[in-house]
Amino acid sequence: MASSVVWKSSGIVRSGREEVYVAAIPLRAAKGPPQLLMSAAYSLNFWDFNHFMVIINKPPSLSHQNQVLVYDFQPKDPEDLYAALAVLSGRAVPGAVLVRKLKRLPRSKCWLVGYSKEDGEEIATEFNKTWETSLRVGVHDCRHYTNGLVRQLTGEKDVLKRLRN
């Protein structure tokens with residue numbers, strides 16, 4: 001398969017496999033004031049109040065139809081008040097690695113970060129098998145998951161640091 005060359009500020013990236021994106025959405029919280037606070041922080045672009053995920057876009061040339069897969073790591077019950085209190089106090093809570101399909105890429109806060117080195121879905125599946133699911137904010141959370149999975153897919157280390165700058 002012929003590969004094209006795409007110029008990126010960090011250098012040259014060869015395409016030919018799936019596109020890899022990082023997306024940010026508001027942190028989920030219990031309904032009421034906590035949820036309003038998280039939504040306001042997201043709207044004001046407070047970086048630390050984002051939930052990060054990895055998206056693999058398998059274009060029609062690599063599959064029968066456009067396939068957009070989302071991979072993320074979050075608390076098993078992100079809206080549970082007790083889980084939120086545990087997270088805020090720095091304690092670990094049970095986490096879950098989620099994989100979902102989207103109809104299309106998000107329109108905002110979604111950045112193309114590179115192209116998978118090999119079959120992106122296969123790399124992500126293997127990565128998820130070894131991911132420790134005990135979640136602790138600041139130590140082992142969605143940011144660490146996103147950085148780790150993007151590194152496996154594209155080879156880029158600490159993608160969130162680059163995106164933040």
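These legends go with a set of close-up views of a predicted model.

**View 1. How far to trust the chain.**
Before zooming in, a word on confidence: mean pLDDT for the chain is 80, with 73% of residues at 70 or more. Helix α4 (residues 142-154) has the highest mean among the elements, at 97, while strand β1 (residues 5-8) has the lowest, at 40. Over residues 1-16 the pLDDT stays under 50, and the model has 25 contacts beyond four places in sequence for that stretch. Where pLDDT is low, the predicted coordinates should not be read in detail.

**View 2. The six-stranded sheet, edge to edge.**
Reading across, the strands of this open sheet come in the order β7-β3-β4-β5-β6-β8, and the pairing is antiparallel. Strands β7 (110-115) and β8 (134-135) sit at the edges with a single partner strand each, so one side of each has no neighbour in the sheet. Helix α3 (residues 120-130) packs on the sheet and touches β4, β5 and β6 (93-102); its direction makes about 15° with that of β5. Helix α4 lies across β3, β4, β5, β6 and β7, running at about 25° to β4.

**View 3. Strand β4, covered on both faces.**
Which residues of β4 lie on each of its two sides? On one side there are N50, F52, V54, I56 and K58, and on the other H51, M53, I55 and N57, all of them buried. In a regular strand the side chains alternate between the two faces of the sheet. With 9 of its 9 residues (50-58) buried, β4 is largely enclosed by the rest of the structure. Its antiparallel pairing with β3 (residues 19-26) runs over 8 bridges, and F52 is the bridge partner of A24. Another 5 bridges join β4 to β5 (residues 67-75), again antiparallel, with I55 standing opposite V70.

**View 4. The β7 edge and its glycine.**
Here β3 pairs with β7 in the antiparallel sense over 5 bridges, and A23 stands opposite C110. Is G114, in strand β7, buried or exposed? With a relative accessible area of 2%, G114 is buried. The C-alpha atoms of G114 and V22 are 9.7 Å apart, although 92 residues separate the two along the chain.

**View 5. Helix α2 and its two faces.**
Helix α2 (residues 81-88) buries A83, A86 and V87. They span an arc of only 100° around the axis, so they fall on the same side of α2. An α-helix has 3.6 residues a turn, so residues three or four places apart point the same way. What covers the buried residues of α2 includes β6 and β8. Turned away from that buried side is a face carrying the exposed Y82 and L88. After α2 comes G90, with a positive phi near 90°.

**View 6. Rings around Y145.**
The model has 5 aromatic pairs. In one of them, F73 and Y145 have ring centres 6.2 Å apart and planes at 35°, so this pair is tilted. The pair links distant parts of the chain, with F73 in β5 and Y145 in α4, 72 residues apart. F73 is buried at 1% relative accessible area, and Y145 is buried at 0%. Y145 also pairs edge-to-face with W131, at 5.3 Å centre to centre and 85° between the planes. W131 comes from the loop between α3 and β8, 14 residues from Y145, and is buried at 15% relative accessible area. Ring pairs link F73, F127, W131 and Y145 into a cluster.

Technical notes: Residues numbered from 1 in each chain as written. Heavy atoms only, no water. Buried < 20%, exposed > 50% of the residue type's maximum accessible area, 1.4 Å probe, protein only. Helix = DSSP H or I, 4+ residues; strand = E, 2+ residues; numbered from the N terminus. Pairing = 2+ DSSP bridges. pLDDT = per-residue confidence, 0-100. Contact = heavy atoms within 4.5 Å. Axes fitted to C-alpha atoms, helices over the stretch in contact; angles between N-to-C directions. Arc of directions from axis to C-beta. Phe/Tyr/Trp six-rings, centres within 6.5 Å; stacked < 30°, edge-to-face > 60°.
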